[in-house]
Amino acid sequence: MKMTFRWYGEGDSISLQYIKQIPNMQGVVTAVYDVPVGDVWQEEKIAKLKSACNAAGLAMDVIESVPVHEDIKLGKPTRDALIANYAQNIRNLGKYGVKCICYNFMPVFDWLRTDLRHKNADGSTSLSYDHEALMRLDPKNLHLPGWDESYTSDQLNGLLEEYKSVSHEKLFANLVYFLEGIMPACEETGIDMAIHPDDPPWDMFGLPRVVGSEAGIRRLFEAVPSSHNGLTFCTGSLGAGRENDLVKMAAEFAPRIHFAHIRQLRYAGKKDFCEAGHLTAAGDLDIYSIVKSLVDHGFDGYVRPDHGRNIWGEDGKPGYGLYDRALGAAYLNGLFEAIEKEKR
Ligand code: DNO
């Protein structure tokens with residue numbers, strides 16, 4: 001496995017030097033953040049980002065994310081030009097040694113939580129999700145993390161309206177169409193696409209989501225069989241779906257898992273959950289068995305600790321502070337080392 005850490009570019013409060021100081025940290029997962037969704041990233045920007053990472057002794061093999069324009073998800077006539085741009089992005093990134101691109105296909109909203117600073121008994125804070133509270137919110141007037149707040153409310157209303165005609169089947173077909181359009185660029189460059197599962201893995205505000213279950217992922221792999229059509233195995237996203245058996249899914253999908261986001265959850269109520277420290281004992285996911293299943297089935301891809309709590313007085317970006325993610329990386333390093341050595 002290759003251990004990585006998410007870095008939000010020059011604007012991130014955590015320096016590359018600090019990231020490099022985490023034991024076994026091999027690379028960062030980052031992106032060009034100042035180009036509008038759908039446009040091609042200029043090579044100079046990619047080159048600059050890569051040289052900053054490399055100067056700190058870190059690889060830039062993984063990009064998270066190259067976002068997918070809503071017109072592609074909606075299947076609008078403009079999608080072909082946007083897919084061509086996306087393919088050009090893949091080619092440009094390939095020139096700079098990128099190996100894997102993480103993206104998602106969630107309509108309008110990316111990950112959704114209701115509380116970014118849920119107070120735990122030990123004084124730490126973490127992200128949490130309360131389904132009823134979320135359903136009470138007005139999707140047209142949301143201020144939540146993880147999605148593009150740059151929409152005006154008119155744009156947002158327009159989008160929500162347009163999605164009314166997009167069923168699950170249509171969204172899935174649009175995803176397949178998108179993947180078929182970019183697979184030639186992946187074959188040429190050797191870049192693996194790693195779709196991020198829906199987070200949480202159910203529909204939101206009436207918007208369909210199609211990548212949150214074992215059956216959904218299997219169907220996607222069957223529809224586009226190239227191994228460049230792969231998965232980001234996000235334990236927290238998939239794990240929020242109580243019916244998902246992560247150990248089984250890790251085993252079945254290991255050959256197509258190019259990237260793993262590993263984090264822990266504690267269930268509360270039917271759909272509600274609170275994020276927790278990474279180790280197995282801290283929550284309801286058996287992180288040890290999930291990692292073992294990945295390794296036993298041949299996974300040797302990129303890993304990153306995912307959302308951490310805010311601890312030790314750190315007031316970092318919720319989910320993306322330094323300390324708890326560094327603890328997560330240390331824990332995962334230990335798990336992988338032990339399991340990989342046992343396997344040999
Ligand atoms: C949340 C992240 C997601 C992820 C995107 C990938 O913490 O895991 O926002 O980056 O869904 O496109």
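**Unusual backbone spots and the ligand site**

Val108 sits in the loop between β4 (100-103) and β5 (115-119); helices (H or I, at least four residues) and strands (E, at least two) are DSSP runs, numbered from the N terminus. The structure is a predicted model, so to speak of a local feature takes pLDDT of at least 70 and a side-chain atom pair takes pLDDT 80 or more, while totals for chains, interfaces and linings use all residues. Numbering runs from 1 along each chain as its sequence is written, and side-chain values use heavy atoms, with hydrogens and water left out.

What catches the eye at Val108 is its backbone: phi is near 60 degrees, a positive value in a residue other than glycine. Val108 is also buried, because its relative accessible area is 5% (buried means under 20%, exposed over 50%, partly exposed in between, with a 1.4 Å probe and protein chains only). Asn24 is another non-glycine residue with a positive phi, here about 65 degrees. Its place is the loop between α1 (16-20) and β2 (27-30). With a relative accessible area of 38%, Asn24 comes out as partly exposed.

Next come the cis peptide bonds. One of them links Glu64 to Ser65, with omega at about -5 degrees. Ser65 belongs to the loop between β3 (59-64) and α3 (70-74). Another cis bond runs from Asp199 to Pro200, again with omega near -5 degrees. Pro200 is part of the loop between β7 and α8, and Asp199 is placed in that loop too, between β7 (192-195) and α8 (214-223).

Asp199 has more going on than its cis bond. The residue counts as buried because its relative accessible area is 1%. Its side chain makes a polar contact with the side chain of Arg113, at 3.0 Å. (A polar contact is a pair of N or O atoms within 3.5 Å; within protein, one must be able to donate a hydrogen and the other to accept it, and residues adjacent in sequence count only if both atoms are side-chain atoms.)

Glu64 and Ser65, the pair from the cis bond, turn up again at the ligand. There are 14 residues around the ligand, and those that come nearest are Glu64, Ser65, Asp110, His307 and Tyr320 (a residue is near if one of its heavy atoms lies within 4 Å). Sorted by class, this shell holds five nonpolar, five polar and four charged residues; Ala, Val, Leu, Ile, Met, Phe, Trp, Tyr, Cys and Pro count as nonpolar, Asp, Glu, Lys and Arg as charged, and the others, Gly among them, as polar.

Several side chains meet oxygen atoms of the ligand. A side-chain N or O atom of His307 is 2.5 Å from a ligand oxygen. For Asp110, the distance from a side-chain N or O atom to an oxygen of the ligand is 2.8 Å. His196 puts a polar side-chain atom 3.2 Å from a ligand oxygen. On its own, the ligand has 330 Å² of accessible area, and the protein covers 97% of that (areas come from the Shrake-Rupley method with a 1.4 Å probe; for residues, only the protein chains shown count as cover).

Last up is Leu134, a residue of helix α5 (residues 131-136). Leu134 is buried, since its relative accessibility is 0%. Between Leu134 and Thr114 there are 6.1 Å from C-alpha to C-alpha, with the two 20 residues apart in sequence.
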